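The following questions and answers concern the chain shown below. Each answer is reasoned from the model to the value or name requested.

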Amino acid sequence: MTAVPPQVLLGNHLKALKLPTFAREYEKVAMEAAQDRADYPRYLLRLCELERIDRERRNIERRIRAARFPQTKSLDTFDFAAQPSLNKALVLELARCEWIEKRQNCIALGPSGTGKTHIALALGLAACQKNQSVAFTTAAALVHELMEARDERRLRVLQKHLNTVKLLIVDELGYVPFTAVGSELLFEVFSQRYERGTTLVTSNLPFDEWTSVFGSERLTGALLDRLTHHVHILEMNGESFRLATSKRTQRRASPGLNTITKKTTEGANTTEI
């Protein structure tokens with residue numbers, strides 16, 4: 001009988017044990033260990049370190065995909081100087097994710113374009129990197145999904161999923177008013193997560209205007225009572241990033257336009273003289 005090469009057997013064992021980094025790196029690391037005259041425990045330690053690093057990377061990537069972020073944003077790319085009203089120290093503290101372990105909430109308030117979604121995405125990314133499960137959605141999309149699940153008799157399944165994630169991010173609350181049924185379904189989500197999970201909400205409306213979204217003072221009061229019991233408030237009242245970008249673009253274009261206008265005016269004046 002032909003003997004099976006040990007590399008084949010080892011590859012099969014590592015695959016069965018779900019150690020892909022071992023299978024990919026063991027020969028390379030063996031050569032490096034031989035050159036460094038490292039003993040067997042050090043060789044095995046290096047392989048274990050590589051496997052663990054690679055596994056953590058894959059887990060982070062899987063949590064990011066599961067979160068369904070519309071795009072990936074980090075705090076490194078946020079311009080804090082453009083939003084002086086935002087408490088930078090608090091944002092950096094939230095990025096450590098201890099508030100998620102404590103099941104606290106966060107609400108970001110401010111006009112459109114001030115970076116609320118960017119902050120929410122960045123904190124969601126930080127949570128994924130800290131081994132926390134995250135779900136991202138807009139308020140309108142969540143209400144639509146809840147109503148659709150109710151009609152298809154799978155509402156409890158969806159609610160159970162929303163209750164299990166460590167951090168639920170609900171973006172853009174306030175842009176679209178809800179029906180009575182939609183308001184009640186969204187209230188139930190927030191109510192079920194009260195002191196059981198962390199919720200981050202962004203809104204362009206101050207609290208006293210949330211009634212226009214939910215259509216009921218009683219429901220709005222009960223909702224705010226739960227959301228704001230253990231909460232961090234991020235106020236973002238600066239200028240819109242999109243408006244500021246538009247102004248900068250116009251300023252860059254203005255010198256050229258001014259030069260053309262000046263030359264045209266000078267030419268016209270010369271002709272007249």
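A residue is called buried under 20% relative accessible area, exposed over 50%, and partly exposed in between. The model is predicted.

Q: Is Glu-172 buried, exposed or partly exposed?
A: Glu-172 belongs to strand β3, which spans residues 167-173. Its relative accessible area is 37%. Because partly exposed covers the range between 20% and 50%, the class of Glu-172 is partly exposed.

Q: What is the phi value of Glu-172?
A: Most residues other than glycine have a negative phi. Glu-172 is not a glycine, yet its phi is positive, at about 65 degrees.

Q: Where does Arg-153 lie, and what is its relative accessible area?
A: Arg-153 is a residue other than glycine with a positive phi, near 60 degrees. Its place is the loop between α7 and α8. The residue is exposed there, and its relative accessible area is 78%.

Q: How many helices and strands does the protein chain have?
A: The chain comprises 273 residues, of which 37% count as buried. Among contacts between residues at least 6 apart in sequence, 81% join residues at least 24 apart. The secondary structure consists of 12 helices and five strands.

Q: What distance does helix α2 reach from its first C-alpha to its last?
A: Helix α2 runs over residues 20-35 and has 16 residues. At 1.5 Å a residue, the expected span is 22 Å. The span in the model is close to that value, at 24 Å.

Q: On which residue is the kink in α2 centred?
A: The kink in α2 is of about 50 degrees. The buried residues of this helix include Phe-22, Glu-25 and Val-29. Another of its buried residues is the centre of the kink, Tyr-26.

Q: Which elements are included in what covers the buried residues of α2?
A: The buried residues of α2 are Thr-21, Phe-22, Glu-25, Tyr-26, Val-29 and Ala-33. An α-helix has 3.6 residues a turn, so residues three or four places apart point the same way. The cover over the buried residues of α2 includes α1 (6-16) and α3.

Q: How far apart are the C-alpha atoms of Met-31 and Tyr-43?
A: Met-31 is located in helix α2. With a relative accessible area of 56%, Met-31 is exposed. Met-31 and Tyr-43 are 12 residues apart along the chain, and their C-alpha atoms are separated by 9.8 Å.

Q: Which residue with a positive phi follows α2?
A: Most residues other than glycine have a negative phi. The residue in question has a phi near 55 degrees. It is Arg-37.

Q: About how much space lies in the second largest pocket?
A: Elements that give two or more residues to the lining of this pocket are α3 (40-67), β2 (134-138), α7 (139-151) and α8 (155-164). By class, the lining has eight nonpolar, two polar and two charged residues. The space in this second largest pocket is about 210 Å³.

Q: With which residues is Thr-137 in contact, leaving aside its neighbours within four places in sequence?
A: Thr-137 is in strand β2 and is among the lining residues of the second largest pocket, as is Leu-142. Thr-137 is buried, with a relative accessible area of 14%. Its contacts beyond those neighbours are Leu-142, Ile-169, Val-170 and Asp-171.

Q: Which elements give two or more residues to the lining of the largest cavity?
A: A search of the whole structure finds one cavity of 30 Å³ or more, and about 40 Å³ of space lies in the largest cavity. Its lining is formed by Asn-105, Phe-190, Arg-193, Tyr-194, Gly-197, Thr-199, Arg-226 and Leu-227. The elements that give two or more of the lining residues are α9 (180-193) and α11 (217-227).

Q: What is the C-alpha to C-alpha distance between Val-91 and Ile-233?
A: Val-91, in helix α4 (residues 88-94), is buried with a relative accessible area of 0%. Leaving aside neighbours within four places in sequence, its contacts include Leu-75, Phe-80, Ile-119 and Leu-234. Val-91 and Ile-233 are 142 residues apart in sequence, and their C-alpha to C-alpha distance is 10.0 Å.

Note on methods: Residues numbered from 1 in each chain as written. Predicted model: local features only at pLDDT ≥ 70, side-chain atom pairs only at ≥ 80, totals over all residues. Heavy atoms only, no water. 1 Å grid on protein atoms, 1.4 Å probe; cavity = no way out; pocket = protein on both sides within 12 Å on 5 of 7 lines; lining within 4 Å. Points joined across faces, edges and corners; volume = space filled by probe spheres on them. Helix = DSSP H or I, 4+ residues; strand = E, 2+ residues; numbered from the N terminus. Nonpolar A, V, L, I, M, F, W, Y, C, P; charged D, E, K, R; others polar. Buried < 20%, exposed > 50% of the residue type's maximum accessible area, 1.4 Å probe, protein only. Expected span 1.5 Å × (residues − 1). Bend = angle between axes of the 7 residues up to and from the residue. Contact = heavy atoms within 4.5 Å.
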